[in-house]
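The following paragraphs offer a guided reading of a structural model. Please keep the sequence and the coordinates at hand while following the text.

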Amino acid sequence: MIDWGAIFSNAAVELISPTTAAYALAALGLAVHFGYTGLLNFGQAGFMALGAYGYAISTLTFGFPVWASVLVGIGASVVFALILGIPTLRLRADYLAIVTIAAAEIVRLLFTTNTFQPVTGSANGLSGYKGGFADLNPIPAGTYGFGPFEYNAYDWWLRIVAWTIVILACLFTWQIMRSPWGRVIKGIREDEDAVRALGKNVYAYKMQSLILGGVFGTIAGMIFVLPRAVVPSNYQTSLTFFVYAILLLGGAATILGPVIGSMIFWVLLSFFSGFIARAVEAGWLPFMSSIQAGQLRFILVGVAIMLIVIYRPQGIFGNKKELAFVK
Amino acid sequence: MSNNTVPTAKPVKTVGMHIGEAVPGCKKKDPILVVDGVSRTFGGLKAVDVEHLEIPRGAITALIGPNGAGKTTLFNLLTGFDKPDTGSWTFEGTSIGGMAAFKVARMGQVRTFQLTKALGLLTVMDNMLLGAKAQVGENLFRAVLPFLWRQQEAHNKVKALDLLARFKLDTKKDDYAASLSGGQRKLLEMARALMSDPTLVMLDEPMAGVNPALTQSLLDHILNLKAEGMSVLFVEHDMHMVRHIADWVIVMAEGKVVAEGDPHEVMRNQAVIDAYLGQHHDEDLGEDPDAGQQNVGAIKELLDDEL
C-alpha cells in the first residue's frame, strides 16, 4: 500500500527548505529582470553558479572568512552582469536572451573543464566549505521542531538565514519598485524609447536592474549550495527554466509571486515524485520502470508551465488587469 | 491655468521672425535650434541632407513634405534617436550634435512620437510622473529611503494633476494608459512631455489617428504651448492644421529643405508644388488619370483653403 503520510510529510518539508528559499530568491531576481524591466535573462543559472563557486573557491582555495567569500561571489556576478550588459543592453531585448543563455553555459563549462581541476574540482565539484557558516551558528547543538519539521541546529540555522535573506530581498524589491526608480524601470519595460525621450538614461537603468537581479541570483546560488555540494551539472539551462517556471507560476511582476511560486513548485514536485515512485513500487503503473518514474515529474513540470502560461498568464499573484490589454 | 482652453477665434500669428528673404536656410532673428550640414544615408538613399536650418524661438514651426521627404528622420536626428553621418546643430547655443537622446531631453527639448508611446501598463498618473525632471527617487540608493523623495513626489503629483485637468484626463488618472483611446493617448503623451517644463516641444504628427472631435482640442493645446512661451516644431500632413496654427513652415523634399516661409506664402511656392506633385504635374503624361485627380485635390487644398 502507498504510505500517504510519508508522501505528504516529505512534501511539507519542502515548504521551508533552503532549496525552496534559494529558488525563490533566484526567481525574485528574474522578476526584477523580466517582470519589471522586461529584460529576457535566460542565464540566471550562470549567476547562481558564480555565487556557488565564488563562495566555495574563496573559502577552500583562499581561506577567506564567510563575509569575504560572499562579497567575492557578489563581485563576480556584478562583473558578469557588466560583461553581459555592456554589449547587449543597447540592442533589442531578444539579443540579451541569446547572449545570457550562451554566457551561462560558458560559465558552467569553465567550471567543468579539467584545466582548472585543482580549483574548481572539475565535474566532481567542491565540498567542505560549510565550516565557516556553521561556526557562526548561535543555536546550541540538538534537535528541534515538530512533525516533519524536525532538524538539527545547523539545518535550522541554514533555514533561518536563508528565509531572512529572502524576506529582506522582498522588502527591498517592494520598496524600490514603488519608488520613482521602479517607475522608470516599469516604463522601460513598456517602451524604452518613450522613457528615453523623457530624459532618463535607459541604458544605466537596465544595467542597474541586470546587476541587482543578478546579485539576487548569486546569493540564491550560495544558499543553494549550503545544504549540498557544488556540482557543475546543477547549473544547466534547465535550472534557469525551473526558475522561470516558478516566476510565471507566482506572477512575473510581483514580489510575493516568486516566493509562493517556489513553495508550490517544490511541494508539488516532491509530492509527485513521492507519489509516482511509490505508485510504481505498489504496481499501480505496470508500464513504467522506477527510472522512468524519476523522469516523469519533470514532464509534469513542463505540462504545468504550459497550462499556466495558457490559462493564467498573470500567475497566482499577478494583476489580471495588467494583462487584460493586448499590447 | 486650468480650464481656460476654449478655442479662440483665430490664433495670433507671430510674424517677422526671419532676416532677409524667406529662402531655404534663411537666418532667424532669434533661433532656438540651428542646424548645419546634417546628412543621414540609409544604404544608397540620402534620407536627410540639410545644409542650414534655423528654428525660430517662441513660435510654432511646421515641418511638412511628401512621404519619404526625411521629416521624421530629421526629427530623430535632432532628438538624438538616430546618429547623423555628418553635421552639427546647436540648441539654445549649445552644441548637441550626436548627443544621447536622454541628455537632449534633459536640456529642455522633448519630443512625442508618430506612433503614440503611452506606457500602457502604467497608470495615467505614473505616466505623468515619469515626465518630471531631476527626481531624487530615481537613484537606486535613494529610492530605498522614501523620506528623501516623498516631498518632491507630492509636488510632482500636484503639477501632474493640474496638467491632467487641462488635458481633461484627470478623471482617468488611476486607469492604465492602455485603456485610453488613441486620441487620449496623444493628449497624455503631450501632457507627459510638459511635465519636464520644456523650452522646445517637438511633435511628430500630433494629429495622426485622432478623431475630429479631439483635433480642435489638440490644436488649442499646441497653441497654448506657444502662449506659455514654448517653441514648437511639428511634423504634419494636414494642411488645414498647418495653415491654421503654424507661424512658419519648412518644406522638405527628398531630404532637403526646399522652401521656408509664412504658411500662406510657402504654399504658393513653385518648389513646394513641385515637391508635392512632381515637377511635371502640369504636363499630360497620358497615364494614370486617378493619380492626376488626387493631385488636383491636394493642390486645391493647398491653395484654396483660407481659414
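A convenient place to begin is A:Val231, which is found in the loop that joins helix H11 (202–225) to helix H12 (237–250) of chain A. The model is a predicted one, and every value quoted here is to be read in that light. Is A:Val231 buried, partly exposed or exposed? A:Val231 has 17 other C-beta atoms within 10 Å and is therefore classed as partly exposed; the buried class requires 20 or more such atoms. Along the chain, A:Val231 and A:Leu126 are 105 residues apart, yet a separation of 6.7 Å is found between their C-alpha atoms.

A second loop of chain A, between helix H6 (117–120) and helix H7 (131–135), contains A:Ser122. The backbone of A:Ser122 has a positive phi of about 50°, although the residue is not a glycine. A:Ser122 counts as partly exposed because 16 other C-beta atoms lie within 10 Å.

A:Tyr23 may be set beside these loop residues, for it lies in helix H2 (residues 18–37) of chain A. With 29 other C-beta atoms within 10 Å, A:Tyr23 is buried. Which residues does A:Tyr23 contact, leaving aside its neighbours within four places in sequence? They are A:Val243, A:Ile246, A:Ser262 and A:Trp266. A further distance places A:Tyr23 relative to A:Met48, which is 25 residues apart from it along the chain: their C-alpha atoms are separated by 9.8 Å.

The contact between the two chains leads from chain A to chain B. It takes 27 residues from chain A and 32 residues from chain B. On the side of chain B that touches chain A, the elements giving two or more residues are helix H2 (101–106), S6, helix H3 (124–130), helix H4 (140–143) and helix H5 (146–166) of chain B. The largest share of this side, four residues, comes from H2(B). By class, the side of chain B that touches chain A comprises 17 nonpolar, seven polar and eight charged residues.

Two of the helices just named also frame a loop of chain B: B:Ala134 lies between H3 and H4 of chain B. Like the serine discussed above, B:Ala134 is not a glycine and has a positive phi of about 50°. B:Ala134 is exposed, because 9 other C-beta atoms lie within 10 Å and the limit for that class is 12 or fewer.

The domain assignment of chain B gives domain 1 (1–118 + 194–307) and domain 2 (123–179). Between them, eight residues of domain 1 of chain B are in contact with 13 residues of domain 2 of chain B. The side of domain 1 that touches domain 2 has three nonpolar, four polar and one charged residues.

Attention now turns to the strands of chain B. Strands of a sheet pair through backbone hydrogen bonds, in either a parallel or an antiparallel sense. In what order do the six strands of the open sheet stand? The order is S6-S7-S8-S3-S9-S10 (chain B), and the pairing is mixed. Strand S6 (109–111) and strand S10 (256–261) of chain B are the edge strands, each pairing on one side only. From one strand to the next, the twist averages 20°.

At one end of this order, strand S9 (residues 248–253) of chain B and S10(B) pair in the antiparallel sense over five bridges. Within that pairing, B:Met252 has B:Val257 of S10(B) as its bridge partner. Helix H10 (residues 270–277) of chain B packs on the sheet and touches S9 and S10 of chain B; the direction of this helix makes about 135° with that of S10(B). Helix H7 (residues 212–227) of chain B lies across strand S3 (60–64), strand S7 (200–204) and strand S8 (231–235) of chain B, and runs at about 145° to S8(B).

Further strand pairings of chain B complete the tour. Strand S1 (residues 31–42) and strand S4 (residues 86–91) of chain B pair in the antiparallel sense over five bridges, and B:Val35 has B:Trp89 as its bridge partner in S4(B). S4(B) also pairs with strand S5 (residues 94–95) of chain B, in the antiparallel sense and over two bridges; here B:Thr90 stands opposite B:Ser95 in S5(B). S4(B) and S5(B) form a hairpin with two residues between them, and B:Glu92 in the turn has a positive phi of about 50°.

Key:
Residues are numbered from 1 along each chain as its sequence is written. Chains are lettered from A and ligands numbered from 1 in the order in which they are written. This is a predicted model: local features need pLDDT of at least 70, side-chain atom pairs count only at pLDDT 80 or more; totals for chains, interfaces and linings use all residues. Two residues are in contact if their C-beta atoms, placed from the backbone, lie within 7 Å. Domain bounds come from an automatic or database domain assignment. Ala, Val, Leu, Ile, Met, Phe, Trp, Tyr, Cys and Pro count as nonpolar, Asp, Glu, Lys and Arg as charged, and the others, Gly among them, as polar. Two strands pair if DSSP finds at least two bridges between them. Axes are lines fitted to C-alpha atoms, for helices over the stretch in contact, and angles run from 0 to 180 degrees between N-to-C directions.
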